[in-house]
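Reader: I've got a model open and I'd like to know what stands behind the labels people put on it. Can you take me through them one by one?

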Amino acid sequence: MAKRGGFPGGGMPGSMNNLMKQAQRMQRQMEENQKELETKEFTAKSGGGAVEVTVTGKKEVTKVKLAEDAVDPDDVEMLEDMIVAAVNEALRMADEANAEMMNKMTGGLGGGFPF
């Protein structure tokens, strides 16, 4: 009785098998790179260095450092603005590092696979 459909011998053709292996290898590399990125820290300053914020690749704030002269009880709003600016810049740096890693992995195809 003849088999219907599928590939001879029940396996994938060589090129399809190679494609699957390549996709799996790329996925492992992406996972490794993502773990590495998550351990990196990104530090940004604002207010001429009066506020310094550090975030991880997981986008978690790990440190906020304030210069004494940044703490003016009469102008709390300016300090708040500097903190927001430093946090946003540090997060932008983390996003940029992630995009750069993805670009290297995908050969500039915008996150798609190179096939």
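Author: Sure, let's start with Glu52: its relative accessible area is 16%. Buried means under 20% relative accessible area, exposed means over 50%, and partly exposed is in between (1.4 Å probe, protein chains only), so Glu52 counts as buried. One caveat before we go on: this is a predicted model, where local features need pLDDT of at least 70, side-chain atom pairs count only at pLDDT 80 or more, and totals for chains, interfaces and linings use all residues. Residues are numbered from 1 along each chain as its sequence is written, and side-chain values use heavy atoms, with hydrogens and water left out.

Reader: What makes the contact of Glu52 and Lys45 a salt bridge?

Author: The rule asks for a side-chain nitrogen of Lys or Arg within 4 Å of a carboxyl oxygen of Asp or Glu. For Glu52 and Lys45 the N to O distance is 3.7 Å, so the pair passes. Lys45 is exposed, with a relative accessible area of 55%, while Glu52 is buried. By this rule the count comes to five salt bridges.

Reader: Which salt bridges does helix H2 hold, and how far apart in the helix are Arg92 and Glu89?

Author: Arg92 and Glu89 are three residues apart in helix H2, about one turn of the helix. Their closest N and O atoms are 2.5 Å apart, so the 4 Å limit is met. At 38% for Arg92 and 29% for Glu89, each counts as partly exposed. Another one is Lys104 with Glu100, with 3.7 Å between the closest N and O atoms. Because they sit four residues apart in helix H2, about one helical turn separates them. Lys104 is exposed at 66%, and Glu100 is partly exposed at 46%. Salt bridges that share partners also join Glu89, Arg92 and Glu96 into one network.

Reader: How do you know how the strands are arranged in the sheet?

Author: Helices (H or I, at least four residues) and strands (E, at least two) are DSSP runs, numbered from the N terminus, and two strands pair if DSSP finds at least two bridges between them. Six bridges join S1 to S2, and five join S2 (residues 51–56) to S3, so both pairs qualify. The result is an open sheet of three strands in the order S1-S2-S3, with antiparallel pairing. S1 (41–46) and S3 are the edge strands, as each pairs on one side only. From one strand to the next the twist averages 15 degrees. Helix H2 (residues 76–106) packs on the sheet and touches S1, S2 and S3, and its direction makes about 145 degrees with that of S1. Here axes are lines fitted to C-alpha atoms, for helices over the stretch in contact, and angles run from 0 to 180 degrees between N-to-C directions.

Reader: Why is S2 called largely enclosed?

Author: Because six of its six residues are buried. Val51, Val53 and Val55 point one way from S2, and Glu52, Thr54 and Thr56 point the other way. In a regular strand the side chains alternate between the two faces of the sheet. Thr56, at 11% relative accessibility, is a buried example. Contact means heavy atoms within 4.5 Å, and not counting residues up to four places away in sequence, Thr56 touches Glu38, Lys40, Glu41, Phe42, Thr62 and Ala94.

Reader: Leu37 in helix H1, buried or exposed?

Author: Buried, because its relative accessibility is 5%. Leu37 belongs to helix H1 (residues 14–39). Its C-alpha atom is separated by 5.3 Å from that of Gly57, 20 residues apart along the chain.

Reader: And what makes Val61, Val64, Leu66 and Val71 a patch?

Author: Patches are made of residues with over 30% relative accessible area and no salt bridge, where like charges are joined within 9 Å and nonpolar side chains (Val, Leu, Ile, Met, Phe, Trp, Tyr) within 5 Å. Leu66, in strand S3 (residues 61–66), has 38% relative accessibility and so counts as partly exposed. Together the four form a nonpolar surface patch with about 320 Å² of accessible area, by the Shrake-Rupley method with a 1.4 Å probe, where for residues only the protein chains shown count as cover.
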